[in-house]
Amino acid sequence: MNHLNRRTFLEFLGIGAASVLAGGCFPSNKEKQTERAILKSLSPSAADQLELAEGLHYEVLVKWDDPISANARFGFNNDYLAFLPLDNNNPDEGLLWVNHEYVDPMFVSGYFEKNSANKTQDQVDKEMQAVGGSILHVKKTNGRWRVVKNDALNRRLDGFTEIPFNWPEPIAGSLSAIGTLANCAGGMTPWGTILTCEENYDLFYGERDFATGNRTIPEKDYGWYRFYDYPPEHYGWVVEVNPKTGEAKKHVALGRCAHECATVKQLRNGRIVVYTGDDSNDECLYKFISSQPGSLSEGTLYVANTAQGKWISLKYEDQPVLQQHFKNQTEVLIRLREAAKLVGATPLDRPEDIEISPVNGEVLVALTNNIPKGNYVGSILKITEKDGRHDALEFSAETYLTGGEETGFASPDNMAFDGDGNLWFTCDVSGSSMNNPEVPEYLPYKNNSLFVVPKDGPQKGEVIRMANAPVNAEFTGPFFAPDGKTLFLSVQHPGEYSDHVEQPKSHWPEGGGAMPRPSVVVIYGWS
Ligand code: FEO
Ligand code: CA
Ligand code: CA
């Protein structure tokens, strides 16, 4: 990437001095904002529809099982989205990266039983082909985004893709892993690659019990280990993908946990900071600081103590307590959760997505909920790094927004800033709890939604509901196109808690009697 392109790309990411998302973002710039009508928040809805605030409309861009090339189909349960222009001078054409997080066997492989004991290899293979990620060549023509069908740039990574570890030592005996899975949220690097995060990996190949060396299996699992003996240590990493080539690597230096996302900031000297959360009750927030420009392998991983406002080193050489419990740095990174607790990390309420404000550099962390502790509604935490330096080892932390009936949201998850610095975020009330009288805490919110919090103007700081998701679905992966006039958005797991494939609880997006299909939509209507 030449100097000019690199600068443009950094600005596109909000890393440069100002965003280049040229006018037209919503809510628009101050002048337009005072002119425009007050945004009217949608009411909560339990309808099997994608409902949008006045003035916005959507189209389905691609849905599960659509052919994207001669030998590849769009995967299931799309999550994180990232758009990269093919040419920085043309914002209307590029590559869309899409995560495919997990499968619903009922829809994907036709397997209905509660546990995986009777699943066939053919069914497992179908499921392995439905996770990972998709790379789509997308183009805007006559104001409408479309996938360029059968294009050589359209590719899949899935449960069969061999991916090397970016680490000098083998991981569980191997320098590479087979497959990427549980791909939840992610991030972008300044050099034009994406990071895709392996979150709930234990559902696929289980977890290692490091005391006995045995594989442990969660209560509900996909049973892939019944046919493929891949070690659990090969999953739970941040994976970097070059969307132009499909090349990938798993970054061991960022540690192994239920990574929700990996949010990148480049320092002035070219070194890299990556924030990442471990999405589980009472798990932690991490930050990697590279020691070399552009490196995601050389550097130190830290974990947050939010009570003391300190980033604590997880470097083996620096921490006697780690030396007592683990044999080397590699083991610390593989057993990250244990290491974090040993050095004094603060357990948090499911740290999920992380976004850095393009306006003031504050780091927002969605703390989704912690139901065993009675926290159903969650909050958004604001981290202010000391002296505004992302490589600082001290910070202050305070609650930025709290869920609840007063603010109108519960269980915040994915976030995105638009070009004007307004915060957009989605919510993730689980399909089993949503609209369920047995979980009354969530009844006021109905279906999951998309919200905006205007940065300024007459509605500054208000939480405004801009979209409602179909039944059982969750909006994920909000990502604004470079022109600021399109929001790419995933609609994940519609109809997830259906009792039978013939009687799904959602028919979105096709309606009628159709089975539900997770899809990426494009939302239009920004002036
Ligand atoms: Fe896959 Fe934490 O959401
Ligand atoms: Ca998520
Ligand atoms: Ca979530």
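**Close-up 1. A hairpin joins strands E5 and E6 through two residues.** In this predicted model, E5 covers residues 78–87 and runs antiparallel to E6, with seven bridges holding the pair in register as partners. For a handy landmark, look for Leu84, whose bridge partner in E6 is Leu95.

**Close-up 2. Strand E6 is mostly covered.** Here we stay with E6, which spans residues 90–100. Of its eleven residues, eight are buried.

**Close-up 3. Strand E6 also pairs with strand E7.** E7 takes in residues 132–141, and eight bridges link it to E6 in the antiparallel sense. A good place to start is Leu96, which has Leu136 of E7 as its bridge partner. E6 thus appears in two pairings of these views: with E5 and with E7.

**Close-up 4. Four strands make up an open antiparallel sheet.** Follow the order E12-E13-E16-E17 to walk across it. Strand E12 (183–188) and strand E17 (248–251) stand at the edges; each has a single partner strand, so one side of each lacks a neighbour in the sheet. Neighbouring strands here are turned against each other by 30 degrees on average, direction ignored.

**Close-up 5. Strands E16 and E17 pair in the antiparallel sense.** This view zooms in on one end of the sheet order, where E17 follows E16. E16 consists of residues 238–241, and four bridges connect it with E17. To find your way, pick out Val241: its bridge partner in E17 is Ala248.

Technical notes:
Residues are numbered from 1 along each chain as its sequence is written. Chains are lettered from A and ligands numbered from 1 in the order in which they are written. This is a predicted model: local features need pLDDT of at least 70, side-chain atom pairs count only at pLDDT 80 or more; totals for chains, interfaces and linings use all residues. Side-chain values use heavy atoms; hydrogens and water are left out. Buried means under 20% relative accessible area, exposed over 50%, partly exposed in between (1.4 Å probe, protein chains only). Two strands pair if DSSP finds at least two bridges between them. Axes are lines fitted to C-alpha atoms, for helices over the stretch in contact, and angles run from 0 to 180 degrees between N-to-C directions.
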